[in-house]
Amino acid sequence: VAKGEKVDVEKVTPGIVKKVMDLLSNQPQIRAILLECTELPPYSDALRKATGLPVWDAITCADYFISSRKDNPRFGLNDWQFGWDGQQDEYTFGENLSAQQRSHLLNG
């Protein structure tokens, strides 16, 4: 990663799993894993399988956020969201900010 090269996930996975298993043997009170780096989601399933613990990563966090804004057709009030007309609104970067806030923009 530091070299900017593609990571061989199959080659790296056993090492990631071993590091986590070593950590868990020293810290058995750990009850969940949070992978904070966006390079780590490819290892989530291997960690879930090896540890039996819930694993959160950038993908599961994005899914969680998106699902919190979507209609759930299985129960409750359905079709409550506004339809989209398919037209994107015009927007200029920073137009929603006050003059004082815009003065702090580095790229505005």
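A nonpolar core is a set of buried Ala, Val, Leu, Ile, Met, Phe, Trp, Tyr and Cys residues joined through side-chain atoms within 4.5 Å. In this predicted model, the largest such core has eight residues: V17, V20, L24, I33, L35, L47, L53 and V55. Helix α1 gives the most to this core, chipping in three residues. The rest of this passage looks at the chain as a whole, and then at the pieces around that core.

Starting with the big picture, the chain has four helices and two strands. Read from the N terminus on, the elements go α-β-α-β-α-α. The chain's radius of gyration comes out at 21 Å, well over the 13 Å that the globule rule gives for 108 residues, so the chain is more spread out than a compact globule. Along its principal axes, the C-alpha trace spans about 50 × 45 × 30 Å. As for what is tucked away, 15% of the 108 residues count as buried. The chain exposes about 9500 Å², and carbon and sulfur atoms supply 56% of that area. Looking at contacts in the chain with a separation of 6 or more, 28% come from residues 24 or more positions apart.

Now for helix α1, which covers residues 9-26. How does the span of its 18 residues agree with 1.5 Å a residue? On that basis the helix should span 26 Å, and its end C-alpha atoms are 25 Å apart, which agrees. The buried residues in α1 are T13, V17, V20 and L24. Seen down the helix axis, these buried residues fall within an arc of 70 degrees, so they line one face of α1. The spacing makes sense: an α-helix has 3.6 residues a turn, so residues three or four places apart point the same way. The face of α1 turned away from the buried side carries the exposed residues K11, P14, K18, K19, S25 and N26. Among the elements covering the buried residues of α1 are β1 (33-34) and α2 (44-51).

Helix α2 has a buried side too. Its buried residues are S44, L47 and T51. They cover an arc of only 65 degrees around the axis, which puts them on the same side of α2. Over on the other side, D45 and K49 are exposed. The cover for the buried residues of α2 includes α1, β1 and β2 (55-56). Right after α2 comes G52, with a positive phi near 75 degrees.

Within α2, L47 deserves a closer look. Is L47 buried or exposed? Its relative accessibility is 0%, so L47 counts as buried, the cut-off being under 20%. Not counting residues up to four places away in sequence, L47 touches I16, V17, V20, L35, G52 and V55. Take I16 from that list: I16 and L47 are 31 residues apart along the chain, yet their C-alpha atoms are separated by 8.2 Å. Another core member, I33, touches V20, T51, L53, P54, V55 and W56, again leaving out residues up to four places away in sequence.

Finally, there is W80, found in the loop between α3 (58-67) and α4 (99-102). Its relative accessibility is 43%, so W80 counts as partly exposed, a class that lies between the 20% and 50% cut-offs. Which residues is W80 in contact with, leaving aside its neighbours within four places in sequence? They are R69, K70 and D71. In the case of K70, the two residues are 10 apart in sequence, and their C-alpha atoms are 9.6 Å apart in space.

Definitions and conventions: Residues are numbered from 1 along each chain as its sequence is written. This is a predicted model: local features need pLDDT of at least 70, side-chain atom pairs count only at pLDDT 80 or more; totals for chains, interfaces and linings use all residues. Side-chain values use heavy atoms; hydrogens and water are left out. The expected span of a helix is 1.5 Å times one less than its number of residues. Buried means under 20% relative accessible area, exposed over 50%, partly exposed in between (1.4 Å probe, protein chains only). The arc is that of the directions from the helix axis to the C-beta atoms. Contact means heavy atoms within 4.5 Å. The radius of gyration is taken over C-alpha atoms; the globule rule is 2.2 Å times the number of residues to the power 0.38. Accessible areas come from the Shrake-Rupley method with a 1.4 Å probe; for residues, only the protein chains shown count as cover.
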